[in-house]
Amino acid sequence: MLQSNMLQNDRLRPALDAAVPGDGGETGGIGALVNFGIGFLRRQFAVIVFTLVLAVAISAIYLRITPPTYTAQVQVLFANPKPQFIQQQSLLPESVVDPTQIETQLQILKSKAIAISVINQLKLAGDEDLNGSSQPLNSLVRWIRGTKPAAPPAEPGDQLSDGVVAAFQDRLSAIRVGYSNVIEISFNSSKAARAAEIVNAVANAYITDQLNAKFEANRRATAWLQDRLRDLGQQALTAERAVGAFKSQNNMVSAGGKPIDEQQVSDLNSRLVAVRAQTSDAAARLNRFEAILRSNSVDSPSIGTLDSSGSEALSNPIINGLRQQYLELARRESEWSGRFGKDHLAVVNIRTRMRDIRTSILDEVHRLVETTRSDFEVNKQRQQEIEKQLAEAVSLSRTTNSAEVTMRELEGNAKGYRSLYETFLQRYMGSVQQESFPISEARLIYPAAPPQSKSKPKSVLVLALGIFGGLGLGIALGLLRDSMDRVFRTSAQIETALRLPCLSLVPLLQTPKRKKSTADNSREPDQDPRQRMLSIRSGIYWAVLGMPLSRFAESIRSIKLAIDLNPTKTSNKVVGITSSLPNEGKSTLAASLAQLIGHTGKKVIVVDCDLRNPSLSANLTPNATAGIVEVISGARTLEETVWKDPRSNLVFLPAVKKGPLLHTSEILSADLTKELFDKLRATFDYIIVDLPPLTPVVDVRATTPLIDCFILVVEWGRTKIEVVQHALHTAPNVYETLIGTVLNKTDIKAMKRYDNYRSDYYNNEHYIRYGFADQA
């Protein structure tokens, strides 16, 4: 009962899948990835190997037909430093090398002019690398024909075709080496010596072109300088003569390099500055003395000390002496007043003397004011006189300003012409010297030697690309095939996609047809019923009896066991065998299952309910004239229409197609059909019903009241998953009574590639050990 529940109950299937790893139960991880990889390699091994071999063969053919390419390289130093004496005498200044200039030189190297020059020099117009005869396609044609390339005649240099020049430029390359001033020139050729010869010729042609351009530029510059010097010499001489004539005409005399008027104005300016300073100093002293007089009087004690505002007066020796006497008397007056009193006669006398000293000091200050005022007036008169003389000198200078401006302009022109003449004369001499000693801005670092190995195609790289590319393409094609293989291959696929148990894997039969002995075993219907036996011409329908110890027979036993373990408690079981599409082997399985049941001693009958295409009846009873339709209609009795096989106790109720039947579903769902099946239940232990497929017709749905359980047959490697799912979706009443599916026509040897986890299950050694013959 536990085994029956595991086969029938879908709710236990996830637990079973989790307990037993497989395609439907593996949830991920490294184990699943390794399992998928091993299975994938087993399934697509032939595709991967074929693609790999094909890619390696293509790589080998490519290496065989592709001519080798040798790359010769030479380095040229640009902006070659010149000797110092050449730099000093060079007409054109040294230019700073920048990326733009380097790029310009690269374009010159790859220019058409350099290409034509080298082609003409080495007579490369007929070279096979340049005229296209060494192309891989041409090489393939010659390889197939077994011929050698014929060298075309060389063309004259002025008739070079654009194709030859373009081919030469395609093979030539020039790059800058890092951030240096070194240019690396490369050329590709099918011959190593030829590549070195051409790349050296390109470098020499470039250097020669630089020399020619330099020489031509110097020659033109020298000719221009010669003409220019003649004009500059004449212009300088004319300008110098004009300066002398202008000076004589305007009586312009200079002293110390300056005109006399200009020197006089300069002297007067200096004197005026000095007089203004003296006047300003006298005015300042006068103001200070007057301030002393305004702030002091005879009765003011401060006049005797002059400690705050009398700094200028203190420098006078008379005032300074009087001040010393006044200070001494003030000390005595203070001392005696304290000793004798303020009104004492001696104290009064001292005060009188102090008043006299203050008067003397004020008189001396008055004298200083008068003296300072006299000095101020004198300096002011001198300032006015000098200002008058300066105004006259300036006025006189303005009258001659126009002549001086003109003279300076003439002198400047004369000096400019003379300086320019000297400069051009120096450059002209350097240019003349450089013409006889041309220096190129580029030099060859080291000539190229023939390369020792080819640069392309690289055999190891091409073969590696062929191997890995072929392997990758093979894996991609294998994955594509796997993704497009939307058919049933394993039981786990059936259980996952349909949520139904897989009852058995029925192997594909390769049994040949049996030969008739003397006469056909089938009998005509008008003979004795006991003599109406099934035909054995189609041996595939009798494989269970013919190969009892085979995998095929064991798979049929597995189906019978699933039927017996079906939880329906009926003792007489009606089992319907159907499929999604025609030709999936349901009729063969129905006949084999009935034979196996009958051979065990049970009473079994096979009913062919495929009324529109009774293929089972056509093979087992080809001469039958009446069948199930006649029994249902009452035209014949059951005993008159059944056929028997004495070896397996099999009873067969055929279906005879005499014409098109339009209402087969109504026939199968009629009450008379139900009465027939009730009669069969009473007579037989098992009723095996061969039903039509689900997809083309709806007859199977009409038989659900008659059938206890259905078995769905799926052809291995042919039936699409989506087709079966759609068929069951459109027949829910059939799906509810399905006890499982059978994977028919299984390629057991190929199953190892699709079910890697259970690969040992498909090993024939396990079956041979129990006496099974490898007959399936």
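Me: Let's start with threonine 741. Is threonine 741 buried or exposed?

Reply: Good place to begin! The general idea is to look at relative accessibility, where anything under 20% is called buried. In this predicted model, threonine 741 has 0% relative accessibility, so it counts as buried.

Me: Where in the secondary structure does threonine 741 lie?

Reply: Look for strand E14, which covers residues 738–746; threonine 741 lies in that strand.

Me: And which residues is threonine 741 in contact with, apart from its neighbours within four places in sequence?

Reply: The list includes Ile494, Leu498, Leu500 and Pro501. Cys502, Leu503, Ser504 and Leu712 are in contact with threonine 741 too.

Me: How do I read contacts for the whole protein?

Reply: Take the contacts between residues at least 6 apart in sequence, and ask how many of them span a long stretch of chain. Here 81% of them join residues at least 24 apart.

Me: What share of the residues counts as buried?

Reply: Of the 776 residues, 41% count as buried. On the outside, the protein exposes about 41,700 Å², and carbon and sulfur atoms supply 55% of that area.

Me: Which residues form a nonpolar patch on the surface?

Reply: Try finding Leu473, Leu477, Leu480 and Met484, which together have about 380 Å² of accessible area. Leucine 473 is found in helix H17, residues 459–484.

Me: Why does leucine 473 count as partly exposed?

Reply: Partly exposed is the class between 20% and 50%. Leucine 473 counts as partly exposed because its relative accessibility is 45%.

Me: How many disulfides does the structure hold?

Reply: A disulfide needs two cysteine sulfur atoms within 2.5 Å of each other, and the structure holds zero disulfides. You can still practise on single cysteines: cysteine 609 has 1% relative accessibility, so it is buried, and cysteine 709, at 2%, is buried as well.

Me: How many helices and strands does the protein have?

Reply: Its secondary structure comes to 31 helices and 14 strands.

Me: Finally, how do I use the confidence values?

Reply: Start with the overall figures, then look for weak stretches. The mean pLDDT is 76, and 75% of the residues reach 70 or more. Over residues 1–27, though, the pLDDT is below 50, and this stretch has 43 contacts in the model beyond near neighbours in sequence. Residues 514–530 also stay under 50, with 27 contacts beyond four places in sequence. Where pLDDT is low, predicted coordinates should not be read in detail.

Terms used
Residues are numbered from 1 along each chain as its sequence is written. This is a predicted model: local features need pLDDT of at least 70, side-chain atom pairs count only at pLDDT 80 or more; totals for chains, interfaces and linings use all residues. Side-chain values use heavy atoms; hydrogens and water are left out. Buried means under 20% relative accessible area, exposed over 50%, partly exposed in between (1.4 Å probe, protein chains only). pLDDT is the predictor's confidence in each residue, from 0 to 100. Contact means heavy atoms within 4.5 Å. Helices (H or I, at least four residues) and strands (E, at least two) are DSSP runs, numbered from the N terminus. Accessible areas come from the Shrake-Rupley method with a 1.4 Å probe; for residues, only the protein chains shown count as cover. Patches are made of residues with over 30% relative accessible area and no salt bridge: like charges are joined within 9 Å, nonpolar side chains (Val, Leu, Ile, Met, Phe, Trp, Tyr) within 5 Å. A salt bridge is a side-chain nitrogen of Lys or Arg within 4 Å of a carboxyl oxygen of Asp or Glu.
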